[in-house]
Amino acid sequence: MTEPTRIFHNPRCSKSRQTLELLQQKGIEPEIIRYLETPPTEQELLHILDLLGCEPRQLMRTKESEYRELGLNAPELTREELVKAMVNTPKLIERPIVLANGKAALGRPPEKVLDIL
């Protein structure tokens, strides 16, 4: 059985709304995860990072005030420490992230998710 398409979504974000709309236009009704209310676990986030082929800072919203306030720009922080910060402060996670067919894509721009459908 295939896993459902999932989107880590923030309805206040225009890119997230556009990505969701694009999926729906393709006839896909994804499982919507409002990650600010239900953040991924550390294991889920590590899995997403692996699927994306990126490191935590590449998936972090570095312009958020919390990024500076929590000192997350410190180069000595480990991958695990950065992931934990993202789980504890989900606002730091870049959005939207779509999971489909055993792959992941960041919807920036929204059309990037078409590659994994």
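The following conversation discusses the strands and helices of a predicted model.

User: In what order do the four strands of the sheet come?
Analyst: The order is β2-β1-β3-β4, in an open sheet with mixed pairing. Strands are DSSP runs of E with at least two residues, helices are runs of H or I with at least four, and both are numbered from the N terminus. Two strands pair if DSSP finds at least two bridges between them.

User: Which strands are at the edges?
Analyst: The edge strands are β2 (31-34) and β4 (103-106), each pairing on one side only.

User: How many bridges join β1 to β3?
Analyst: Three bridges join these antiparallel strands. Arginine 6 has leucine 99 in β3 as its bridge partner, and leucine 99 in turn has alanine 104 in β4 as a partner.

User: What links β3 and β4?
Analyst: They form a hairpin with two residues between them, and asparagine 101 in the turn has a positive phi of about 55°.

User: Are the residues Ile97, Val98, Leu99 and Ala100 of β3 buried or exposed?
Analyst: All are buried, that is, under 20% relative accessible area with a 1.4 Å probe and protein chains only, whereas exposed is over 50% and partly exposed lies in between. Ile97 and Leu99 point one way from β3, and Val98 and Ala100 the other way.

User: How should the numbering and the model be read?
Analyst: Residues are numbered from 1 along each chain as its sequence is written. In this predicted model, local features need pLDDT of at least 70, side-chain atom pairs count only at pLDDT 80 or more, totals for chains, interfaces and linings use all residues, and side-chain values use heavy atoms, without hydrogens and water.
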